[in-house]
Amino acid sequence: MNTVVLKKRISQRIINGHPWIFNNEVESTPDAVEPGSIVEVFTHDKKFVGKGYINPKSQILIRLLTRDRSEEINEHFFLDRLSKCWEYRKRLGYKENCRLVFGEADSLPQLIIDKFNDYFVIQTMALGIDVWKPAIIKAINQLFQPKGIYERNDVPVRELEGLSQQKGFLSDPFDTEIMINENGLQFYIDLDKGQKTGYFLDQQDNRRSIQHIVKNADVLGVFSYTGSFEVHAAHYGAKSVLGLDISEYAIQQARRNASLNKVDKVCKFETANAFDTLKRWAKEEKKFDVVMLDPPAFTKSRETIQKAITGYKEINLRGMKLVKPGGFLVTSSCTNLVSQENFMDIINMAAKDTRRKIRQVIFQTQSGDHPVIRNIENTNYLKFLIIQVL
């Protein structure tokens, strides 16, 4: 097997188990190594570090799959890993819908598999894991006998690996609009047209957290997408719910989901630019008992972190202004580039600028099927906060 030798001084990150090895951390690589192939990695003094896939075209030269030298990377390896992933999710109670594989958190870097009952969506976002896609599909078929498998590799990050963006069936074709159950509710999702893999499973536990604060409340949901938070609010007894999203497609889907759950008399949706609408309503002194904000990431790179921080502060400030005294703000950030500390600083700055006192009710991360590995920062990405605005 091809071997790679690290420089004498290596990052504590590698020692602590992080699977990424960058170009500038490597002393020597084999000549004419096949991109995507498996290599063994050693320290300068010949101590084994791990096995992983290599891509000379990527800034992240190697992503480790195992630190066990006796473990062979083959079809059985992926069957065993997926089986362990499934056993872990089942132990936590995720049996119908879950993130079956969460990349680095499951020691399968850049592999995402979402399970929607009997349907599966795959993302292989690096060359080295894309090479093993047939083995991964075989493992899914063997473990689950699914009704369908769909590929959502229409993500720009693949281009950094020399891969094309693509999506399509990895099984016999099927209707990509399916229905799932979540917290006693039903939702239409579209595995082909929906964002990411079709649905945001990472908030499924957090959506239950609003059940007490929304009872008999007038609720505003901003960046509502297909209405999952809003439908939950109506189901939990809200007096009225209004959801806003800039996408007309998302709004149409949200209305269908409200109707599906028989809350369409309480739960309404409008196509609107969130920033403009909230600014106008603040001037009009419009108020709600609960304001829910679930914005997009705002940034994909470290170069634009400050722009993202500005966006998060602005939307939270505008949202806070619309909360009645004693009401609640439900807010999220879904980028690991904004840390928990940064996020709380943003909320505190918004409270200071609006001259409102706040107190924390709940602070959580993503649902447990998206496990957090503390020394791998991209696994700890979602911040979910409920505060009372006094």
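Which residues touch the most other members of the largest nonpolar core? Keep that question in mind as you open the model, which is a predicted one.

**Stop 1: the big core**

Select Phe116, Ile210, Val214, Val219 and Val290. These five touch the most other members of the largest nonpolar core, which has 37 residues. Now colour helix α5: with 4 residues, α5 gives the most to this core. Finding such a group fits a general pattern: in soluble globular proteins, nonpolar side chains tend to be buried together.

Next, zoom in on Val290. Leaving aside residues up to four places away in sequence, Val290 touches Ile213, Val214, Ala217, Asp218, Val219, Leu220, Phe328 and Val330. Show those side chains as sticks and click through them one by one.

There is another core to visit, lying apart from the largest one. It has 32 residues, including Ala274, Leu278, Val338 and Ala350.

**Stop 2: a stacked pair**

Time for some rings. The model has 18 aromatic pairs. Start with Phe229 and Phe384: their ring centres are 6.1 Å apart and their planes meet at 10°, so this pair is stacked. Planes under 30 degrees apart are what earn that word.

Look at where the two partners come from. Phe229 belongs to helix α5 (residues 228-235), while Phe384 sits in strand β20 (residues 383-389), so to speak a long walk along the chain: they are 155 residues apart. Are these two buried or exposed? Phe229 is buried at 4% relative accessibility, and Phe384 is buried too, at 0%.

**Stop 3: a tilted pair**

Now pick Phe298 and Tyr312. Their rings form a tilted pair, 4.7 Å centre to centre with 55° between the planes. Phe298 is in the loop between β17 (288-293) and α8 (305-321), and Tyr312 is in helix α8, 14 residues apart. Check their surroundings as well: Phe298 is partly exposed, with a relative accessible area of 26%, whereas Tyr312 is buried at 0%.

**Stop 4: a ring cluster**

Select Tyr119, Tyr150, Phe169 and Phe174 together. These four form one aromatic cluster.

**Stop 5: charges over rings**

Go back to Phe229 and add Arg207 to your selection. Arg207 lies over the face of the Phe229 ring, at 5.5 Å from its centre. So which residue lies over the face of Trp281? Select Lys286 to see: Lys286 is placed over that ring, 5.1 Å from the ring centre.

Notes: Residues numbered from 1 in each chain as written. Predicted model: local features only at pLDDT ≥ 70, side-chain atom pairs only at ≥ 80, totals over all residues. Heavy atoms only, no water. Phe/Tyr/Trp six-rings, centres within 6.5 Å; stacked < 30°, edge-to-face > 60°. Helix = DSSP H or I, 4+ residues; strand = E, 2+ residues; numbered from the N terminus. Buried < 20%, exposed > 50% of the residue type's maximum accessible area, 1.4 Å probe, protein only. Lys NZ or Arg CZ within 6 Å of the ring centre and 35° of its normal. Core = buried A, V, L, I, M, F, W, Y, C linked by side-chain atoms within 4.5 Å. Contact = heavy atoms within 4.5 Å.
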